[in-house]
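This report covers strand pairing, nonpolar cores and cysteines in one protein model. The sequence and structure come first.

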Amino acid sequence: LRSSRRGFAGGLATALAALAIEGLLPAEALALPASEVRGAASGGQEVRYPIPPGDGVSIDRKEGVIVARHAGMLYAFALTCPHQNTALRWNEGSRSFFCTRHKSKYQPDGLFISGRATRAMDRFAVRKDGDTRVVNLERLFEQDTDPAGWAAAPAVV
């Protein structure tokens, strides 16, 4: 019998999920990338993104920005890991960001959890403007060199 591509893909997904339940695959192997989003240029180096109705993560690959809503705050992060600039991914299962290269992990607010990185995710300055968030791509804060700027970068929903 010939199986369809859809049937094969469904069977493969089921098999991978079963292996993960058995602990044979790391949870990161099943993590899907966050949803894609495109920001709207807002003049200068500012980009506007819609504010999601609930907590969530989306990625603007064109601008290299991760936009997130978590626990009543709006965040904008650099897409790359501060350790060696590898693109970060979102793991919905563990509700954390991770770097596939050296296994660094970060909380939804960008705080460093574990791995080879030595600091939290880099944050862009973000402000709420009506039903959008405005990210200033010229203002990137590193936790270790500007802790006050890094702490002030997110906006309240």
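Arg89 stands opposite Phe98 in strand 8, where strands (E, at least two residues) are DSSP runs numbered from the N terminus. The model is predicted, so local features need pLDDT of at least 70 and side-chain atom pairs pLDDT 80 or more, while totals for chains, interfaces and linings use all residues. Residues are numbered from 1 along each chain as its sequence is written, and side-chain values use heavy atoms, without hydrogens and water.

Strand 7 and strand 8 run antiparallel and are joined by four bridges; two strands pair if DSSP finds at least two bridges between them. They belong to an open sheet of four strands in the order 7-8-9-10, with antiparallel pairing. Strand 7 and strand 10 (112-114) are at the edges with a single partner strand each, so one side of each has no neighbour in the sheet.

The largest nonpolar core (buried Ala, Val, Leu, Ile, Met, Phe, Trp, Tyr and Cys residues joined through side-chain atoms within 4.5 Å) has 15 residues. Among those with the most contacts inside it are Phe97 and Tyr106. Strands 4, 5, 6, 7 and 8 each supply at least two residues of this core. A second, separate core of 13 residues includes Val47 and Phe124.

A search of the whole structure finds zero disulfides (cysteine sulfur pairs within 2.5 Å). Two cysteines are tabulated, with buried meaning under 20% relative accessible area, exposed over 50% and partly exposed in between (1.4 Å probe, protein chains only).

| Cysteine | Nearest cysteine sulfur | Relative accessible area |
|---|---|---|
| Cys81 | Cys99, 4.0 Å | 1%, buried |
| Cys99 | Cys81, 4.0 Å | 2%, buried |
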